[in-house]
Every structure is written in structure tokens, then in C-alpha cells.
Amino acid sequence: MSETGPEAQTSTPHKQGAEPNEQNIEPDTRDWADVLEAGCAECGFTGDEDVIAVPGYVSASAQAWDEVLARENADIRPRPDRWSDVEYAAHVRDILDLFRERTQLIVSQSAPTLPNFDGDAVAIESDYQHQNPAEVAVELRAAALAYAADLAQITDEQWQRTGYRSDGREFTVTSLTRYGFHELKHHLQDVGA
Ligand SMILES: [Zn+2]
């Protein structure tokens, strides 16, 4: 999963692998921002969701992840080439922080360039595979509540503010929020929650 801008790629591809280690996770190079225009048939995201409902969804998602991370096999990859529940959760935790940071940038600066994020690289650097499910649950909840609290403060004017990812694609706070919402929705589907 490489989340390389708000552009990015956060679903784990399914390729053949032999050894149960992170080397078998094929980096995802898709530009997932296309779901904003096309929707996502995999998870049912339409691209025109009401952003006012997103803070509530973000907060509620922490409970869903608590249940996922309490599973007996949360730290076991179902297949060598697919992330375990705790790896998905660690990714979501970091994505929540990333989208909160990007939102703060757009709100506080004039047309900022948003930082890139290579989710696949971070997964390896941060050793998602060996993170503790209970600890990740606590961190994910904190990240979700912080992001939801920030979103709940966005004003009518701020929803229209713009920022740019490094390739020039424009995001408003509205489209960025929908994009973040898709990440949450899609990854909960990835873990069957
Ligand atoms: Zn999706």
C-alpha cells in the first residue's frame, strides 16, 4: 500500500508469495484518488458522500477496529501476500494522522502542496507486521478521535479551501475528506468488518 499523496494507493494487491514476510506484499501503485470521480465498486463508495457525516463515521470506525484487533488471529496474515488485521489497522492509524495533517495544512495555508506518503515503505520501516494489536487499537482510536474532532470544526468556507499534491492534482477539504473516508471504508472491508 503506498499512499503517495492524497493520490494514493492503500489497498494491498494480491500477488503470489512464498515466504510470510513483508517482501511478499507487492507495492500498490494505483492512484486511488480516481475513486472520487468513479466511486469504488469494491466497497460501495460513491464519491459524493456528505462530508458532514464523516466525523461521526471516523469516530465510530474506532469501535469497529477494536473488534477487528481483538480477533485471535489479528496478527496473522491470511495469505503470505496479504496484510494481517494489525497491519491494516496500523496503516489506517497512520492514514488518519496523515489526513488530519493534510487538512490542517489546507486550512492554515494558502494552496499548500500536500506531503506525500508511501504507505508500503512506511509499513516496512515501521514493522507493521510485528506491531501489538492492543497497542495499535489504542493508537488508532486516538488518531480517529483527533481527526474527527478537527473535521467537526471545519467551517462552510473551509470546506472549499484547496491544496495540491505533488503532481498538481487539486484537492478541496471536501474532496480530501471524502478521500479519507474512502480509505477508512475500504480498509474495513479489507478486514471483513
Ligand atoms: Zn473502496
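## Notebook: helices, loops and distant neighbours

I began with helix H6, and I noted that 14 of its 18 residues are buried, so H6 is largely enclosed by the rest of the structure. The model I am reading is a predicted one, and I keep that in mind for every entry below.

**Entry on H6.** I checked the length of H6, which covers residues 173-190: at 1.5 Å a residue its 18 residues should span 26 Å, and the end C-alpha atoms lie 25 Å apart, which agrees. Just past the helix I looked at Gly-192, which follows H6 and has a positive phi, near 70°.

**Entry on the whole chain.** I then stepped back and counted 6 helices and 2 strands in the protein. Read from the N terminus, the elements come in the order α-α-α-α-α-β-β-α. Of the 193 residues, 43% are buried. I also looked up how far along the sequence the contacts reach: among those between residues at least 6 apart, 75% join residues that are at least 24 apart.

**Entry on confidence.** The average pLDDT of the protein is 90, and 88% of the residues score at least 70. Residues 7-20 are a stretch where the pLDDT falls below 50, although in the model this stretch has 54 contacts beyond near neighbours in sequence. I therefore read those contacts with caution, since pLDDT is the predictor's confidence in each residue.

**Entry on H2.** Helix H2 has 16 residues, and from its first C-alpha to its last it reaches 22 Å, close to the 22 Å expected at 1.5 Å a residue. Which residues of H2 are buried? I listed Val-54, Pro-55, Val-58, Ser-61, Ala-62, Trp-65, Val-68 and Leu-69. The spacing in parts of this list made me recall that an α-helix has 3.6 residues a turn, so residues three or four places apart point the same way. I next asked what covers the buried residues of H2, and the cover includes H3, H5 and H6.

**Entry on H2 against H3.** Two packed helices are described by the angle between their axes and the distance between the axes. For H2 (residues 54-69) and H3 (residues 85-108) I noted an angle of about 155° and axes 10 Å apart. These two helices are therefore roughly antiparallel to each other, an angle over 145 degrees being what the term requires. H2 passes H3 in a left-handed crossing. On the H2 side the contact is made by Trp-65, Val-68 and Leu-69, and on the H3 side by Asp-85, Val-86, Ala-89 and Val-92. Trp-65, Val-68 and Leu-69 had already appeared in my list of buried residues of H2.

**Entry on H3 against H6.** H3 also packs with H6, at an angle of about 175° and with the axes 10 Å apart. That makes H3 roughly antiparallel to H6. From H3 the contact draws on Tyr-88, His-91, Val-92, Ile-95, Phe-99, Arg-102, Thr-103, Ile-106 and Val-107, and from H6 on Val-173, Leu-176, Gly-180, Glu-183, Leu-184, His-187 and Asp-190. Val-92 of H3 is named in this contact and in the one with H2.

**Entry on Ala-137.** Ala-137 sits in helix H5, residues 133-152. Is Ala-137 buried or exposed? Ala-137 has 21 other C-beta atoms within 10 Å and is buried, because the count needed for that is 20 or more. Setting aside its neighbours within four places in sequence, Ala-137 is in contact with Trp-65, Asp-66 and Leu-69. I also noted Glu-67, which is 70 residues from Ala-137 in sequence and 9.0 Å from it in space, C-alpha to C-alpha.

**Entry on two loop residues.** Most residues other than glycine have a negative phi, and I looked for positive values. Ala-111, in the loop between H3 and helix H4 (119-125), has a positive phi of about 45° although it is not a glycine. Ala-111 is exposed, with 10 other C-beta atoms within 10 Å. Asp-127, in the loop between H4 and H5, has a positive phi near 50°. Asp-127 is exposed as well, with 11 other C-beta atoms within 10 Å.

**Entry on Thr-29.** My last look-up was Thr-29, in the segment before helix H1 (35-38). Thr-29 counts as exposed, with 11 C-beta neighbours inside 10 Å. Thr-29 and Asp-120 are 91 residues apart in sequence, and their C-alpha atoms are 9.7 Å apart in space.

Definitions and conventions. Residues are numbered from 1 along each chain as its sequence is written. This is a predicted model: local features need pLDDT of at least 70, side-chain atom pairs count only at pLDDT 80 or more; totals for chains, interfaces and linings use all residues. Helices (H or I, at least four residues) and strands (E, at least two) are DSSP runs, numbered from the N terminus. The expected span of a helix is 1.5 Å times one less than its number of residues. A residue is buried if 20 or more other C-beta atoms lie within 10 Å of its own, exposed if 12 or fewer, and partly exposed in between; C-beta atoms are placed from the backbone. Two residues are in contact if their C-beta atoms, placed from the backbone, lie within 7 Å. pLDDT is the predictor's confidence in each residue, from 0 to 100. Axes are lines fitted to C-alpha atoms, for helices over the stretch in contact, and angles run from 0 to 180 degrees between N-to-C directions. Angles under 35 degrees count as roughly parallel, over 145 as roughly antiparallel, 65 to 115 as roughly perpendicular and the rest as oblique. A crossing is left-handed if the near helix is turned anticlockwise from the far one by less than a right angle, and right-handed if clockwise.
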